[in-house]
Amino acid sequence: MKTKLTTKDLITAGAFGAIYLVLLTVLSSVLTIVPILFLATPLIAGIILGTVYMLYATKVPRTGAILVLAILVGLITSMSTIYPLIFAVVWGLIAELITAKRRKSAGALAVSYCVFNLTSMGPFFALVLAKDAFLESCAGYYGEEYIATLDKLTPSWIVLVLIALALVGGLLGGLFGRKILKKHFVKAGITA
C-alpha cells in the first residue's frame with residue numbers, strides 16, 4: 001500500500017475537507033445563537049462530524065491526510081488569532097500518530113477522531129487566553145445580554161469542561177461513525 005499522498009488523494013482530501021468544514025461552520029453558526037449551545041459545540045459537532053471523519057480517513061488512508069484536514073480546520077477557526085491553527089496542528093499530529101501503523105483499523109480511527117475533535121476547541125481557547133477581548137468582539141454580534149450570560153457561564157476552569165466535552169463528542173462521534181461506516185459504506189463498497 002502506498003503511504004504518500006498523491007494528487008488524487010489531495011483532491012479527495014479537499015472534497016471531504018470541504019464537507020467537514022461546511023458542516024462545522026453551519027453547526028458553529030447555529031449553535032452560537034444560544035450561549036449554552038455555543039459551549040456545547042465541541043460535543044455536538046464531534047458527534048455529528050465523526051462519520052465524515054471516518055469516511056475521509058478510510059478513503060484517504062495515507063500518512064498526512066489527517067494532518068491536512070486538521071490544518072484546514074485550524075485555518076477556518078483561526079480568523080482572529082493564530083492559536084486555533086497551532087492547536088489544530090498539534091491535535092492533527094497526535095491523531096496521525098495514533099493511526100500511523102493501523103490506517104485500516106476502525107478502532108484506531110475512532111480513537112484518533114476522539115483526539116482530532118479537539119481541533120473544534122480552537123475558538124474556545126480565546127476564552128482562556130483573552131476572554132475580555134473575545135467577549136468584546138462578540139458584543140457587536142449578539143448584544144450585551146448574550147455577553148453577560150456567556151461571561152457567567154465561562155469561569156476560568158471552563159476550558160477543562162470544554163476539553164472533556166470535545167473528547168466525549170469525539171469518542172461518541174468516532175464510535176457512531178465506525179458503526180455507520182461498517183453498516184452502510186463498507187457494504188456499498190464506498191470505502192477503500
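Buried means under 20% relative accessible area, exposed over 50%, and partly exposed in between, with a 1.4 Å probe and protein chains only. The model is predicted: local features need pLDDT of at least 70, side-chain atom pairs count only at pLDDT 80 or more, and totals for chains, interfaces and linings use all residues. Residues are numbered from 1 along each chain as its sequence is written, and side-chain values use heavy atoms, with hydrogens and water left out.

**Exercise 1. Place E96: state its helix, decide whether it is buried or exposed, and list its contacts beyond four places in sequence.**

Solution.
- Step 1. E96 is found in helix α5, residues 83-98. Helices (H or I, at least four residues) are DSSP runs, numbered from the N terminus.
- Step 2. The relative accessible area of E96 is 8%, so E96 is buried.
- Step 3. Contact means heavy atoms within 4.5 Å. Leaving aside neighbours within four places in sequence, E96 touches R62, T63, G64, A65, I66, L67 and R103.

**Exercise 2. Check the span of α5 and find which side its buried residues take.**

Solution.
- Step 1. The expected span is 1.5 Å times one less than the number of residues. α5 has 16 residues and reaches 23 Å from first C-alpha to last, close to the 22 Å expected.
- Step 2. The buried residues in α5 are P84, L85, A88, W91, G92, A95, E96 and I98.
- Step 3. These residues cover an arc of only 150° around the axis, which puts them on the same side of α5. The arc is that of the directions from the helix axis to the C-beta atoms.
- Step 4. The buried residues of α5 pack against α3, α4, α6 and α7.

**Exercise 3. Do the same for α9: name its buried residues and its exposed ones.**

Solution.
- Step 1. Helix α9 spans residues 144-153, and Y146, I147 and L150 are buried in it.
- Step 2. Seen down the axis, the buried residues of α9 fall within an arc of 95°, so they line one face of the helix.
- Step 3. E144, E145 and K152 are exposed on the other side of α9.
- Step 4. The buried residues of α9 pack against α2 and α8 (131-142).

**Exercise 4. Count the aromatic pairs and describe the pair of F38 and F124 and that of Y53 and Y113.**

Solution.
- Step 1. Rings of Phe, Tyr and Trp (its six-membered ring) pair if their centres lie within 6.5 Å; planes under 30 degrees apart count as stacked, over 60 as edge-to-face and the rest as tilted. The count comes to seven aromatic pairs.
- Step 2. The ring centres of F38 and F124 are 4.8 Å apart and their planes are at 40°, so this pair is tilted.
- Step 3. F38 lies in α2 (residues 35-39) and F124 in α7 (residues 122-129), so the pair ties together parts 86 residues apart in sequence.
- Step 4. F38 is buried at 9%, and F124 is buried at 2%.
- Step 5. Y53 and Y113 also form a tilted pair, 4.8 Å centre to centre with 40° between the planes.
- Step 6. Y53 lies in α3 (residues 41-59) and Y113 in α6 (residues 106-116), so this pair ties together parts 60 residues apart in sequence.
- Step 7. Ring pairs link Y20, Y53, Y113 and F116 into a cluster.

Conventions: Helices (H or I, at least four residues) and strands (E, at least two) are DSSP runs, numbered from the N terminus.
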